[in-house]
Amino acid sequence: MPLFVENLKCGYSYPIVEVDGRLKFEEGKVYGFVGPNGSGKSTLIKALAGLVKIFEGKIYFDNMQLSQLSDIERAKHISYMPQHVFSNFPFTVLDVVMMGRFPYEKSKFLNSKESRTIAEKKIKQVELSSKKFSSILRISGGERQRTSFARVLAQDTKVLLLDEPNSNLDISHQEKILRLVREEAFSGKIVIMAIHNLKMAAKVCDSIIMMKDGRVVDIGRPDEVLTQENIRKVYEVDAVVYKNPFGIFDIELIQTDVPKTFHVHVVSGGGSAQLLYKMLIEMGCRVTTGVLSTNDTDFETAQLFSIYTVFTKPFMPIGEKEYIENIQLIKKADLCVLCNIPFGVQNLKNLEALKFANHLCIIEEEDISKRDFTGGLATKLYNCLREKALVFSSIESLQDYILKETNDKMSRGDLK
Ligand SMILES: Nc1ncnc2c1ncn2[C@@H]1O[C@H](COP(=O)(O)OP(=O)(O)OP(=O)(O)O)[C@@H](O)[C@H]1O
C-alpha cells in the first residue's frame, strides 16, 4: 500500500513546491524531508495531508486518489502533526489525544471506552500520564508537542505525517519520540517527517529527501544524500561528514571565519599523519588535509580532530572535483606537508597536486620508493617534489621548523 506523489505542483495562492516524476513512500519506512527554512518541506507534507492547494499532479494511496476521499475517510489513512500546535481553548491533554479517535467514533462526543483506552495508552507512551487532565494552555511547548504526537499515534493510520516532531523537545524526549517513530515504521506504517537535525535524520530515517527552493534536490539513503557536496549546495555551508569512532554518522560545520593562523595542509594516508595532526592542532595551526579515502585511518583521525578533509569514497580514484579542491587548499596553505603515503595508483593525483605547493616539507622516515606499486611513476613524481622541498626525518624536526616559521611570520605581522 505505498503512497505516491506524481508530477506535483502544490502551494497556496501559487505553486511553491514542484515534484517532477514520481516520489514513492513505502510501508515500514521512515522518510525525512530535510532542507533549509522555506525550502518547502512543510508545504509538501501539508499537500500529503490534503491541506494545501494542488495545482497539478496527483497523490495516490492504496490506488485511491487522495483528493477524492472525504475528510473522514482520509483521516482513517493519514494523520498529520503540524509544526506548531495552536489552540485558544483549554482542552485537556486527554481531550486532544481523543481527537485522534474522531474518524472511528460513532458518537460525536468522543466518549467510547475503546478510544479512551487507546488515548491513555498513547499518553503514557509519550510520558504525559501525570498531565492528562492539564489544560494544553498550561503545559510547556515540548509537552504540547508530545500531546500532538500522542494524538497522531491514537489516530492509528497507515501514514503518519510529522512536521518537525521533536523541534521543542529536550534531548531525552527527542530520542524517545524518534524511537516511537521507528516502532511505528517497524509495525508497517509509512512515516514521513520534516526534520532539521541532520544527525538525527541520519539515525532515524531510511530515506532522506533533500529540498531546496521548492524542489527535491536528492533522495536516497542518509549516507548517499547527506554528503559534504549536497550540504554545501543546499545549506551553503561547508561541513565535514563522517562516521565517528562509534560508527555513528556525524557532521561538523566548518568555521569559515577562523582568525588567520598558520595554515598547514597535510597530504597523508595509511595512518602516516596520526601524530602529525595531533602535533599541528596542539601547536594552534589551522590544519586541512586530503585527498583521503573515508576508510583510511588518517581520515578517521582527521575527523576526531575536526580537521577539514577533502575526501573520496573507499577504493575510488580521486575525482576531478576533489583533485581541484585539494589543489586550492595546497595553494592557499602557508605550508604543505607530505607524509609517508602509500605509493598506490590512488595517490598519484595527490602527488601531482603537490606541484602547486609554494612551500613543501616532506617527512621521510623510510625509503618510500620500496613501497611503489605504480611501476615507478609515483617515485618519479616524488623525486620531482623532493627537489624543491625541505626534507625532515621526523615530525619533531618539522615541529622546530614550523615554530620558527610561525614566529618569523608573526614578527613580520603576517599572522594574528
Ligand atoms: N500559508 C502560506 N501562505 C503563503 N505562503 C506560504 C504559506 N506557508 C508557507 N509559505 C511559503 O512557502 C515557502 C515554503 O514554506 P515551507 O513552510 O513549506 O518551508 P519549510 O521548508 O517547511 O521551512 P521551515 O524549515 O522554516 O519550516 C516559503 O517561502 C513560505 O513563505
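Two strands pair if DSSP finds at least two bridges between them. By that rule, 6 strands of this predicted model form an open sheet with parallel pairing. This briefing covers that sheet, a helix with a buried side, and some aromatic rings.

**The sheet**

- The strand order is β15-β14-β13-β16-β17-β18.
- β15 (308-312) and β18 are the edge strands, and each of them pairs on one side only.
- On average, neighbouring strands of the sheet are turned by 20 degrees against each other, direction ignored.
- Helix α14 (residues 377-387) packs on the sheet and touches β16, β17 and β18. The direction of α14 makes about 120 degrees with that of β17.
- Strand β14 (residues 286-293) pairs with β15 over 5 bridges, in the parallel sense.
- In one of these pairings, glycine 290 has valine 310 in β15 as its bridge partner.

**Helix α15**

- Helix α15 covers residues 395-411, which makes 17 residues.
- From first C-alpha to last, α15 reaches 24 Å, close to the 24 Å expected at 1.5 Å a residue.
- Which residues of α15 are buried? They are Ile395, Leu398, Tyr401, Ile402, Glu405, Thr406 and Lys409.
- These residues cover an arc of only 135 degrees around the axis, so they sit on the same side of α15.
- An α-helix has 3.6 residues a turn, so residues three or four places apart point the same way.
- Asp400 and Ser411 are exposed, on the other side of α15.
- What do the buried residues of α15 pack against? Their partners are α10 (274-282), β16 (335-338), β17 (360-363) and β18 (390-392).

**Aromatic pairs**

- How many aromatic pairs does a search of the whole structure find? The search finds 6.
- Phenylalanine 299 and phenylalanine 311 form an edge-to-face pair. Their rings are 5.6 Å apart, centre to centre, with 65 degrees between the planes.
- Phenylalanine 299 lies in helix α11 (residues 297-304) and phenylalanine 311 in strand β15, so this pair ties together parts that are 12 residues apart in sequence.
- Are these two rings buried or exposed? Phenylalanine 299 is buried, with a relative accessible area of 3%. Phenylalanine 311 also counts as buried, at 18% relative accessibility, because the cut-off for buried is under 20%.
- The ring centres of phenylalanine 392 and tyrosine 401 are 5.4 Å apart and the planes are at 45 degrees, so this pair is tilted.
- Phenylalanine 392 and tyrosine 401 are both buried.
- Elsewhere, ring pairs link Phe25, Tyr31 and Phe33 into a cluster.

How values were computed: Residues numbered from 1 in each chain as written. Predicted model: local features only at pLDDT ≥ 70, side-chain atom pairs only at ≥ 80, totals over all residues. Heavy atoms only, no water. Helix = DSSP H or I, 4+ residues; strand = E, 2+ residues; numbered from the N terminus. Expected span 1.5 Å × (residues − 1). Buried < 20%, exposed > 50% of the residue type's maximum accessible area, 1.4 Å probe, protein only. Arc of directions from axis to C-beta. Contact = heavy atoms within 4.5 Å. Axes fitted to C-alpha atoms, helices over the stretch in contact; angles between N-to-C directions. Phe/Tyr/Trp six-rings, centres within 6.5 Å; stacked < 30°, edge-to-face > 60°.
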